[in-house]
Every structure is written in structure tokens, then in C-alpha cells.
Amino acid sequence: GKSVPFWQEAMTLAAKSVALFAPVRLQSVDVAITATGPTIIEVNTGGSFNMIQRATGRGFLQPDVEHFLNVVGVRMEGLEQYLPTL
């Protein structure tokens with residue numbers, strides 16, 4: 001039942017920031033909510049998928065994400081050696 005202050009403003013600011021760095025195909029944006037509104041802290045190339053997985057309660061490599069990675073040229077073949085074993 002709680003909401004993040006300046007949510008819409010933060011989303012608008014993040015979208016504008018992402019557009020400025022459009023050549024970077026996969027990026028994440030750190031936004032701080034201050035008393036006067038949102039402020040961009042940094043734009044990351046890539047980013048940590050850990051927070052997304054914790055927030056959603058599911059693994060990050062869902063079909064829509066896998067499709068995006070394929071579109072931007074990421075190839076998954078040969079990466080199995082780096083994946084943890086369950």
C-alpha cells in the first residue's frame with residue numbers, strides 16, 4: 001500500500017537518460033529520490049540482475065529477456081561453463 005515518491009518523475013528522468021546513452025543496448029540507471037525530486041546517480045552498462053531477481057522472486061532469464069538478449073546480439077552458447085550447478 002506504499003508508493004515511491006516522485007515515481008512518475010523518476011521514470012520520465014530514467015527514460016530520458018537512457019535515450020541519451022542509446023548506443024549502449026543494455027543499461028541500468030541508479031536513481032535517488034531527494035526532497036526536491038529524482039536525481040540520476042549513474043548509468044551502468046549492463047547492471048546486476050540480482051536485485052531484479054530478488055524483487056520479482058523469479059530468475060531473470062525469462063523468455064522476454066532471452067528474446068531481448070538475442071535481439072541485441074548476445075549469444076548464450078558456450079556460457080554453460082559459467083553457470084552455477086544446482
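These legends go with several views of a predicted model.

**View 1. The whole chain, with three helices and two strands.** Reading from the N terminus, the elements come in the order α-β-β-α-α. The C-alpha trace spans about 45 × 35 × 20 Å along its principal axes. For 86 residues, a compact globule would come in near 12 Å in radius of gyration, but this protein has 16 Å. Take the contacts between residues at least 6 apart in sequence: 31% of them join residues at least 24 apart.

**View 2. The surface of the protein, about 6900 Å² of it exposed.** Carbon and sulfur atoms supply 61% of that exposed area. As for the inside, buried residues account for 10% of the 86 in the chain.

**View 3. A nonpolar surface patch of about 490 Å².** Six side chains to look for here are Val4, Phe6, Trp7, Met11, Val31 and Ile33, which together make the patch. Two elements, helix 1 (7-20) and strand 1 (27-34), each put in at least two residues.

**View 4. Ile33, a patch residue up close.** Ile33 sits in strand 1. Is Ile33 buried or partly exposed? Its relative accessibility is 36%, so Ile33 counts as partly exposed; the buried class stops under 20% and the exposed class starts over 50%.

**View 5. Gln27, a buried residue of strand 1.** Here the relative accessibility is 16%, and Gln27 counts as buried because the cut-off for that class is under 20%. Gln27 belongs to strand 1, the strand that spans 27-34 and also supplies residues to the nonpolar patch.

**View 6. The Gln27 side chain and two backbone oxygens.** Which backbone oxygens lie 3.0 Å from a polar atom of the Gln27 side chain? One belongs to Phe21, at 3.0 Å from a polar atom of that side chain. The other is the backbone oxygen of Val24, and there too the distance to a polar atom of the Gln27 side chain is 3.0 Å.

**View 7. What else surrounds Gln27 in the chain.** Set aside the neighbours within four places in sequence, and Gln27 is in contact with Ser17, Val18, Phe21, Ala22, Val43, Asn44 and Gly46. Phe21 turns up in this list as well as in the previous view, where its backbone oxygen faces the polar atom of Gln27 at 3.0 Å. Ser17 and Val18, two more of these contacts, fall within the 7-20 stretch of helix 1.

Definitions and conventions: Residues are numbered from 1 along each chain as its sequence is written. This is a predicted model: local features need pLDDT of at least 70, side-chain atom pairs count only at pLDDT 80 or more; totals for chains, interfaces and linings use all residues. Side-chain values use heavy atoms; hydrogens and water are left out. Patches are made of residues with over 30% relative accessible area and no salt bridge: like charges are joined within 9 Å, nonpolar side chains (Val, Leu, Ile, Met, Phe, Trp, Tyr) within 5 Å. Accessible areas come from the Shrake-Rupley method with a 1.4 Å probe; for residues, only the protein chains shown count as cover. A salt bridge is a side-chain nitrogen of Lys or Arg within 4 Å of a carboxyl oxygen of Asp or Glu. Helices (H or I, at least four residues) and strands (E, at least two) are DSSP runs, numbered from the N terminus. Buried means under 20% relative accessible area, exposed over 50%, partly exposed in between (1.4 Å probe, protein chains only). A polar contact is a pair of N or O atoms within 3.5 Å; within protein, one must be able to donate a hydrogen and the other to accept it, and residues adjacent in sequence count only if both atoms are side-chain atoms. Contact means heavy atoms within 4.5 Å. The radius of gyration is taken over C-alpha atoms; the globule rule is 2.2 Å times the number of residues to the power 0.38.
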